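Q: Can we go through this protein by asking what each label rests on? Please show the structure before we start.

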Amino acid sequence: MHVNNQNVTMSQTRMINILLVEDDEVDVMNVKRAFKKNNVLNPLFVANNGLEALEMLRGKNPESAIIPLPRIILLDLNMPKMGGIEFLRELRKDDRLKNISVFVMTTSNEDSDKVNAYNLNVAGYILKPLSMESFIHAVSTLNNYWQLCEYPD
Ligand SMILES: [Mg+2]
């Protein structure tokens with residue numbers, strides 16, 4: 001039987017690490033569920049606020065360090081300790097972290113949040129959809145995007 005190698009290549013998943021920064025447990029579960037539904041196999045790391053995310057990215061604690069660094073961050077805005085905008089400011093100031101692509105996923109429809117986020121070079125600002133179905137669709141679109149991109153080793 002002829003094996004179509006092209007299909008194998010097309011379905012290969014780029015195994016870049018992804019970091020989700022989110023304080024809401026239900027939202028974390030929803031992202032994990034949407035990953036599963038869309039067959040997204042990339043390792044997903046979770047930080048519960050900006051401070052925790054910076055610690056993981058800077059690898060201060062070897063146990064929680066993310067190696068290699070994630071190429072994609074999914075970022076909530078409203079979080080305790082350090083919110084998303086403050087986290088972005090720190091990220092963009094850090095030479096090792098400043099080029100990571102960040103997608104904001106938030107319930108905040110505030111114009112000031114959108115302006116601040118784009119000024120800090122986010123790749124996209126996504127309002128959290130209300131239904132699981134549209135959420136799964138959103139994650140599918142994101143997955144198509146990062147599958148399409150080439151990243152340095
Ligand atoms: Mg939140």
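A: Start with one cut-off: a residue counts as exposed if 12 or fewer other C-beta atoms lie within 10 Å of its own, and as buried if there are 20 or more. Keep in mind that this is a predicted model.

Q: Why is Lys81 called exposed?
A: Lys81 has 12 other C-beta atoms within 10 Å. The limit for exposed is 12 or fewer. Lys81 therefore counts as exposed.

Q: Where does Lys81 sit, and what is its phi?
A: Lys81 is in the loop between β3 and α4. Its phi is positive, about 70 degrees, although Lys81 is not a glycine.

Q: Why is Asn39 called exposed?
A: Around Asn39 there are 10 other C-beta atoms within 10 Å. The cut-off asks for 12 or fewer, so Asn39 is exposed. Asn39 lies in the loop between α2 and β2. Asn39 also has a positive phi, about 60 degrees, without being a glycine.

Q: What makes Leu88 buried?
A: Leu88 has 23 C-beta neighbours inside 10 Å. Buried needs 20 or more, so Leu88 passes.

Q: Where is Leu88, and which residues does it touch beyond its neighbours within four places in sequence?
A: Leu88 is found in helix α4. Beyond those sequence neighbours, Leu88 is in contact with Val102, Ala117 and Leu120.

Q: How far apart are Leu88 and Asp23 in sequence and in space?
A: Leu88 and Asp23 are 65 residues apart in sequence. From C-alpha to C-alpha they are 16 Å apart. Contact requires C-beta atoms within 7 Å.

Q: What share of the protein is buried?
A: Of the 153 residues, 24% are buried.

Q: What makes a group of residues a nonpolar core, and how many residues are in the largest one?
A: The members must be buried residues of certain nonpolar types, joined through C-beta atoms within 7 Å. The largest such core here has 28 residues. Those with the most contacts inside it are Leu19, Val21, Ala53, Ile73, Leu74, Leu75 and Val104. Elements giving two or more residues to this core include β1, β3, β4, α2 and α6.

Q: Which way do the residues of β3 point?
A: Ile72 and Leu74 point one way from β3. Ile73 and Leu75 point the other way. All four residues are buried. This fits a general pattern: in a regular strand, side chains alternate between the two faces of the sheet.

Q: How do you know that β3 pairs with β1 and with β4?
A: Pairing takes at least two bridges. β1 and β3 are joined by 4 bridges, and β3 and β4 by 4 bridges. Both pairs therefore meet the rule. Both run parallel. One bridge sets Leu20 against Leu74 in β3. Another sets Leu75 against Val104 in β4. The chain goes from β3 through α4 to β4, and this β-α-β crossover is right-handed.

Q: Which residue stands opposite Val104 in β5?
A: Tyr125 stands opposite Val104 in β5. β4 and β5 pair in the parallel sense over 4 bridges. Leaving aside neighbours within four places in sequence, the contacts of Val104 include Leu75, Leu77 and Ile126.

Q: Why are β2 and β5 called edge strands?
A: The open sheet has 5 strands in the order β2-β1-β3-β4-β5, with parallel pairing. β2 and β5 each have a single partner strand, so one side of each has no neighbour in the sheet. From one strand to the next, the twist averages 20 degrees.

Q: Which strands does α2 lie across?
A: α2 lies across β1, β2 and β3. Its angle to β2 is about 175 degrees.

Q: What kind of peptide bond joins Ile67 and Pro68?
A: A cis bond joins them, with omega about -5 degrees. Pro68 is in the loop between α3 and β3.

Q: How many helices and strands does the protein have, and why is it called as compact as a globular protein of that length?
A: There are 6 helices and 5 strands. The radius of gyration is 16 Å, and the globule rule gives 15 Å for 153 residues. The two values are close, so the protein is as compact as a globular protein of that length.

Notes: Residues are numbered from 1 along each chain as its sequence is written. This is a predicted model: local features need pLDDT of at least 70, side-chain atom pairs count only at pLDDT 80 or more; totals for chains, interfaces and linings use all residues. Two residues are in contact if their C-beta atoms, placed from the backbone, lie within 7 Å. A crossover is right-handed if, with the strands pointing away from the viewer, the path from the first strand over the helix to the second runs clockwise. The radius of gyration is taken over C-alpha atoms; the globule rule is 2.2 Å times the number of residues to the power 0.38. Axes are lines fitted to C-alpha atoms, for helices over the stretch in contact, and angles run from 0 to 180 degrees between N-to-C directions.
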